[in-house]
Amino acid sequence: MHAIASTLVLYSILIPTKNWFSPNQPLLTHIKSTEAVTLMMTDISGQNIDPTAGATAEIMKEADVDLKQIFPLSNPGTYIVYAVPKGEAMKGFVGTPLVIHVRADNRPGAPLGPMVVQIEAMAYAQMTTEKGGMTIAFYYDAAPHTIENFVSLAQGGFYDGLAFNKIVKDFIVQGGDPRNDGTGGPGYRLQAEFNDKQHDEGVISMSRQIDPNEPASMPRSEFANSAGSQFFICLNRENCKQLDGRYAAFGRVVAGMETVRSIAATPVTNAQTGKPEKLIKISKLEIRPVTAKDNPYVKLSDLATSRPAGVGP
């Protein structure tokens with residue numbers, strides 16, 4: 001199974017039979033509950049999506065269901081499915097919600113409609129550093145492959161013990177380099193997922209090589225597609241707005257900005273390179289399941305004027 005799902009379904013009562021489906025396959029999901037539940041769906045903006053006419057979303061404890069038979073999932077997009085005790089509001093959901101990506105084929109001349117469907121357990125990242133902790137919620141709709149890479153590296157322990165190796169005052173703090181000098185990565189490169197998320201304070205985005213032709217033009221493919229494991233966290237909207245649409249923003253710090261600011265206050269040996277006098281290490285980067293009692297996406301919705309990613313029921 002997909003790494004994040006195989007780890008996190010243990011906390012859920014919504015368990016997909018697999019994580020990738022063709023558009024013609026049923027989206028089979030096992031419901032494992034001790035009480036009757038109602039399945040509820042929203043789009044990524046938090047708008048409720050009603051069940052298909054004639055379909056029932058009420059499930060009596062354990063059952064195997066085809067989500068496509070309950071909800072309209074013919075349009076490409078990102079959706080969230082919750083299991084809610086019968087008669088309760090969505091905010092009282094049980095277990096861990098599922099994120100459903102209905103992906104289109106965006107190649108020129110490709111057929112319209114869904115090409116593949118991916119299902120994963122909804123999660124967030126908890127980072128512990130020498131200066132304190134921070135909670136990161138993901139922009140599932142904007143950078144799914146970038147998130148998948150970040151999650152996979154975190155679950156494998158890649159980031160544990162690495163440091164924030166670059167600090168630029170009122171701009172960014174950067175980490176995720178196994179060499180801790182700004183030149184390292186995981187040994188591969190990612191396809192860029194530039195998107196329309198603004199690089200506001202607390203937004204986390206992927207570092208990449210700078211094209212010598214920037215900022216006069218957009219980065220060429222060899223530079224755009226050069227990210228791997230290094231990420232940065234924005235400190236100031238005004239100074240970071242130049243990054244919009246040119247870097248893959250994939251989440252936001254929703255708790256612990258005081259930790260980020262503390263890291264940013266570390267003295268540097270060279271203001272131009274941003275090399276800190278003392279490397280601030282990441283003690284642990286954990287991927288945790290979303291639950292009703294532990295749902296950072298509510299805070300993400302509160303931070304953003306347009307609810308840019310995830311949902312708070």
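**Figure 1. Lys 197 places its charged end over the ring of Tyr 139.** The distance from that charged end to the ring centre is 5.3 Å. The model shown here and in the other views is predicted. A second charge over a ring involves Arg 208 and Tyr 247. Here the charged end of Arg 208 is 4.0 Å from the centre of the Tyr 247 ring.

**Figure 2. Phe 232 and Tyr 247 form an edge-to-face aromatic pair.** Their ring centres are 5.7 Å apart, with 80 degrees between the planes. Phe 232 belongs to strand 16. Tyr 247 sits in the loop between helix 5 (237-240) and strand 17. The two residues are 15 apart in sequence, so the pair ties those parts together. Phe 232 and Tyr 247 are both buried. Tyr 247 is also the residue whose ring lies under the charged end of Arg 208.

**Figure 3. Eight strands close into a barrel.** Their order is 11-12-17-15-16-14-13-20, and the pairing is antiparallel. On average, neighbouring strands of this sheet are turned by 35 degrees against each other, direction ignored. Helix 3 (residues 144-155) packs on the sheet. Strand 11, strand 12 and strand 20 (280-289) are among the strands that helix 3 touches. The direction of helix 3 makes about 110 degrees with that of strand 20. Helix 6 (residues 257-264) packs on the sheet as well. Its contacts include strand 13 (163-168) and strand 14 (172-175). The direction of helix 6 makes about 120 degrees with that of strand 12.

**Figure 4. Strand 12 (residues 132-138) is largely enclosed by the rest of the structure.** The reason is burial: 5 of its 7 residues are buried. Strand 12 pairs with strand 11 (residues 123-129) in the antiparallel sense, over 5 bridges. These two strands form a hairpin, with 2 residues between them. Met 127 stands opposite Met 134 in strand 12. Strand 12 also pairs with strand 17 (residues 249-255), again antiparallel, over 4 bridges. There, Phe 138 stands opposite Gly 251 of strand 17.

**Figure 5. Strand 15 (residues 203-206) and strand 16 (residues 231-234) run antiparallel as a pair.** The pairing spans 3 bridges. Met 206 has Phe 231 of strand 16 as its bridge partner. Is Phe 231 buried or exposed? Phe 231 has 0% relative accessibility, so it counts as buried.

**Figure 6. The largest nonpolar core holds 59 residues.** Phe 138 and Phe 231 have the most contacts inside this core. Helix 3 supplies the largest share of the core, 5 residues. Another core, of 24 residues, lies apart from it. Ile 49, Ile 59, Val 65 and Val 102 are among the residues of that other core.

**Figure 7. Tyr 159 and Phe 231 make one of the 11 aromatic pairs in the structure.** The ring centres are 5.7 Å apart and the planes stand at 70 degrees, so this pair is edge-to-face. It links distant parts of the chain, 72 residues apart. Tyr 159 lies in the loop between helix 3 and strand 13, and Phe 231 lies in strand 16. Tyr 159 is buried, at a relative accessible area of 0%. Ring pairs also join both residues to a cluster that includes Phe 138, Tyr 140, Phe 150 and Phe 158. Phe 164, Phe 250 and Tyr 297 are among the other members of this cluster.

Terms used. Residues numbered from 1 in each chain as written. Predicted model: local features only at pLDDT ≥ 70, side-chain atom pairs only at ≥ 80, totals over all residues. Heavy atoms only, no water. Buried < 20%, exposed > 50% of the residue type's maximum accessible area, 1.4 Å probe, protein only. Pairing = 2+ DSSP bridges. Axes fitted to C-alpha atoms, helices over the stretch in contact; angles between N-to-C directions. Contact = heavy atoms within 4.5 Å. Core = buried A, V, L, I, M, F, W, Y, C linked by side-chain atoms within 4.5 Å. Phe/Tyr/Trp six-rings, centres within 6.5 Å; stacked < 30°, edge-to-face > 60°. Lys NZ or Arg CZ within 6 Å of the ring centre and 35° of its normal.
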